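Reader: Hi! Could you walk me through this one while I have it open on my screen?
Author: Happy to, just ask away.

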Amino acid sequence: MTLPTILTRIIPAAAFLASSVVSLNAAITINGSGATFPAPLYLRWASDFKKANPDTTVNYQGVGSGAGVKDFVAGLTDFGASDVAMSDDEIAKAGGNVLLLPATAGTIVLAYNVPGVQGGLKLSRDAYIGILLGTVKSWNDPLIAKNNPELKLPDLPVTVVARSDGSGTTAVFTAHLDAVSADFKTKVGSGKSVQWPVGVAGKGNDGVTALIKQTPGALGYVEFGYAVHNAMAMASLQNKSGNFIVPTIESGAATLASVNLPENFRAFITDPEGAQDYPIATFTWLLVKKAYPSADKAAAVKAFVKYGLTTGQSVAPELGYITLPDSVVTKVLAALESVK
Amino acid sequence: MGENLIPVGSGSPITREYRPRTDFFRGICWLASIVTVLLLAFILGEILIKAWPAIQKFGLGFITGVQWSPNREIFGVLPVLIGTAASSLIALALALPLGLAIALFLSEDFLPVAIRQTIRFVIELLAAIPSVVYGLWGIFVVVPLVQKYGGVLADKLGFLPFFQGPAYGNSLLTASLVLALMVLPTITAISRSALVAVPKTLREASYALGATRWESILGVILPTAASGIVASSILAFGRAMGETMAVAMLIGNSQRLSWSFLAPSNTLSALLANQFAEADGIQVNALMYAAALLVLMTLVVNMVGEAILRQTQKATAGLR
């Protein structure tokens with residue numbers, strides 16, 4: 001075990017021990033861990049929620065979707081969070097005592113660092129698949145230049161920047177690529193951790209962001225929020241209808257609006273149909289127990305999630321996340337009511 | 001005086017109190033050493049137990065496989081093994097001449113003692129810099145340098161497979177350059193001790209036979225200290241192989257086979273640091289298998305280094 005892994009195990013456990021001490025004073029602490037992607041939003045919710053409810057403290061550790069699910073299944077946390085929901089296998093391991101609740105959504109963007117190109121880059125499906133598979137090697141390749149007649153693209157090699165760690169972001173991104181390109185499906189495939197044919201890799205959204213900023217000619221995938229926060233140039237991507245869509249909160253919301261959520265809320269968006277839909281978007285889920293050991297815990301978790309789904313949604317756009325459509329919020333709130 | 005000399009076993013109160021204490025202390029020492037050995041055995045056992053499903057499933061194909069695709073449950077670490085060995089070897093090739101030159105300079109009387117001590121202290125201080133700081137320094141200093149001159153290297157020497165473009169800032173070369181600096185104190189400190197340990201009589205004999213200083217250094221002193229110098233490089237090699245943080249920040253973390261120093265690569269320790277937290281199922285076992293290989297590699301290297309070091313001490317012992 002590496003030290004960070006050990007720490008991610010110890011911290012929730014220590015926080016849990018601390019919580020049992022605090023609860024003697026009628027105050028309550030709930031602990032969660034999981035996906036790093038929505039972590040800034042959940043932390044904001046936790047701090048705002050604490051202001052409104054001084055008796056309840058919510059701790060959230062952004063340890064990664066996989067580790068979050070493991071912590072939750074092992075009973076180390078009161079709630080978990082995951083970009084890829086939970087597999088049937090994982091749900092079985094948790095004894096079925098879990099509800100998957102979409103809490104927010106985001107898009108994944110292709111951020112780039114091309115000297116002399118401040119923004120406005122358009123990438124067709126063939127172009128970005130080609131770059132990621134290593135067949136498009138240079139920024140002045142005709143496949144890229146064709147859709148960008150107004151840009152002065154340099155003769156510079158493209159450096160693809162991917163994630164070196166297992167990640168929900170990679171899972172969502174590769175699920176899209178897998179769905180739109182048969183070539184990508186056979187050569188790379190989808191999953192939390194894949195073998196990229198070209199380029200370098202960094203750990204976490206921040207690692208990828210740093211590599212892109214540092215490398216002239218870099219193109220990599222990061223969460224929209226990270227890209228906005230770091231003022232990175234983002235490519236407009238061609239969607240299923242053939243339109244080039246600028247990644248914004250609005251184009252992301254358009255994508256979500258067209259999704260039909262199933263009963264268990266596990267819907268993965270791989271290639272949305274709408275004419276104005278941004279092609280790569282995902283829900284991210286909070287994992288809560290159907291039945292908690294104590295009524296206090298259940299009430300606190302319910303109150304926090306309810307806060308996030310209602311008041312909390314309004315702060316989502318300023319942090320780069322997409323507000324859930326009202327129809328989704330209504331369904332999720334109804335499911336939350338069943339938590340005991 | 002005479003009153004204080006109490007014969008052992010005379011039954012005086014002092015001996016009776018003293019004896020049990022030695023036994024007690026000896027017991028603690030035994031316990032401590034056994035615990036250390038058990039701890040190592042426990043760690044190895046734990047790694048092997050966790051690695052076992054992967055060892056059974058992939059066997060030797062794990063070592064010869066070139067693809068690492070956790071999403072398809074295909075695990076092969078050959079590119080990573082090569083990256084581990086290559087980054088350490090390049091680091092050693094760069095650090096050994098430099099470290100040896102420094103060690104020679106500091107062990108001979110070229111400079112006043114005070115200045116020598118200062119330089120020695122500064123070089124040993126390099127060992128105290130945390131790995132992550134080397135990584136950051138690499139990101140801000142070495143990566144831009146490699147980005148700037150890597151293209152030139154690829155243009156001029158691109159006909160050699162080792163310098164094939166395109167040149168990446170985060171590459172095997174970048175990681176090796178920083179690793180070289182990180183192992184420099186190990187090489188310098190141990191080589192210097194080996195050089196200082198060369199008996200004065202040998203030097204004097206060499207001078208007496210009419211050898212110049214350089215003839216003495218090249219013909220007598222270096223050969224006498226050779227095994228110590230070899231040991232220093234092997235220990236440095238072991239350290240470079242296990243280095244994690246700085247390498248993970250600089251090497252590009254891409255496990256693809258490539259001859260080029262300018263291409264991104266990966267090492268076993270960086271792979272583990274990157275992927276362990278989010279791994280599940282057979283990937284955990286595969287990573288443990290990789291960890292077992294890393295332990296095996298460093299263990300062998302360290303044992304060889306230790307053996308050579310011991311040989312040196314024996315060889316020079318007779319000369320003193």
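Reader: Which helix of chain B is B:Arg116 found in?
Author: B:Arg116 belongs to helix H4 of chain B, which covers residues 113-125. Keep in mind that this is a predicted model.

Reader: Thanks! And is B:Arg116 buried or exposed?
Author: Buried: the relative accessible area of B:Arg116 is 16%, and the cut-off for buried is under 20%.

Reader: What is B:Arg116 in contact with, leaving aside neighbours within four places in sequence?
Author: With that restriction, the contacts of B:Arg116 are B:Phe105, B:Leu106, B:Ser107, B:Glu108, B:Asp109 and B:Leu111.

Reader: I also clicked on B:Gly238. How many Å apart in space are B:Arg116 and B:Gly238?
Author: They are 28 Å apart, C-alpha to C-alpha. In sequence, 122 residues separate B:Arg116 and B:Gly238.

Reader: Let's zoom out. How many helices and strands does chain B have?
Author: Chain B has eleven helices and two strands. Reading from the N terminus, the order is α-α-β-β-α-α-α-α-α-α-α-α-α.

Reader: Why is chain B described as more spread out than a compact globule?
Author: Its radius of gyration is 25 Å, whereas the globule rule gives 20 Å for 320 residues; the value for chain B is well over that, so the chain is more spread out than a compact globule. The C-alpha trace of chain B spans about 85 × 60 × 35 Å along its principal axes.

Reader: What percentage of the residues in chain B are buried?
Author: Buried residues make up 43% of the 320 in chain B. The accessible surface of chain B is about 16700 Å², and carbon and sulfur atoms account for 72% of that surface.

Reader: And the charges of chain B, how many are positive and how many negative?
Author: Chain B has 20 positive and 15 negative charges, and the mean positions of the two groups are 3 Å apart.

Reader: Over to the other chain. How many helices and strands are there in chain A?
Author: Chain A has 13 helices and twelve strands. Its radius of gyration is 21 Å, close to the 20 Å that the globule rule gives for 340 residues, so chain A is as compact as a globular protein of that length. Along the principal axes, the C-alpha atoms of chain A fill a box of roughly 65 × 45 × 35 Å.

Reader: Same sort of question as before: what percentage of the residues of chain A count as buried?
Author: For chain A it is 58% of the 340 residues. The accessible surface of chain A is about 13000 Å², with 58% of the area belonging to carbon and sulfur atoms.

Reader: How many positive and negative side chains does chain A have?
Author: There are 26 positive and 26 negative side chains in chain A, and the centres of the two sets lie 3 Å apart.

Reader: Can we pick a residue in chain A? Which strand is A:Thr56 found in?
Author: A:Thr56 is in strand E2 of chain A, residues 56-62. At 10% relative accessibility, A:Thr56 counts as buried. Apart from neighbours within four places in sequence, A:Thr56 is in contact with A:Ile28, A:Phe49, A:Lys50 and A:Ala300.

Reader: I've got backbone angles up now. What is phi of A:Ala231 near?
Author: Phi of A:Ala231 is near 50°, a positive value in a residue other than glycine. A:Ala231 is in the loop between helix H10 (224-229) and strand E9 (233-234) of chain A.

Reader: B:Asn253 has a positive phi too. Where is B:Asn253 in chain B?
Author: B:Asn253, with phi of about 50°, is in the loop between helix H9 (245-250) and helix H10 (268-275).

Reader: Buried or exposed, for each of those two?
Author: A:Ala231 is exposed, with a relative accessible area of 70%, whereas B:Asn253 counts as buried at 5%.

Reader: Last topic, confidence. What is the mean pLDDT of chain A?
Author: The mean pLDDT of chain A is 88, and 92% of its residues reach 70 or more. Over residues 15-25 of chain A, however, the pLDDT is below 50. That stretch has eight contacts in the model beyond near neighbours in sequence.

Reader: And what is the mean pLDDT of chain B?
Author: It is 87 for chain B, with 91% of the residues at 70 or more. For the model, the scores are ipTM 0.82 and pTM 0.84.

Methods
Residues are numbered from 1 along each chain as its sequence is written. Chains are lettered from A and ligands numbered from 1 in the order in which they are written. This is a predicted model: local features need pLDDT of at least 70, side-chain atom pairs count only at pLDDT 80 or more; totals for chains, interfaces and linings use all residues. Side-chain values use heavy atoms; hydrogens and water are left out. pLDDT is the predictor's confidence in each residue, from 0 to 100. Contact means heavy atoms within 4.5 Å. Helices (H or I, at least four residues) and strands (E, at least two) are DSSP runs, numbered from the N terminus. The radius of gyration is taken over C-alpha atoms; the globule rule is 2.2 Å times the number of residues to the power 0.38. Buried means under 20% relative accessible area, exposed over 50%, partly exposed in between (1.4 Å probe, protein chains only). Accessible areas come from the Shrake-Rupley method with a 1.4 Å probe; for residues, only the protein chains shown count as cover. Lys and Arg count as positive and Asp and Glu as negative; His and the chain ends are not counted. The place of a charge is taken as NZ of Lys, CZ of Arg, CG of Asp or CD of Glu.
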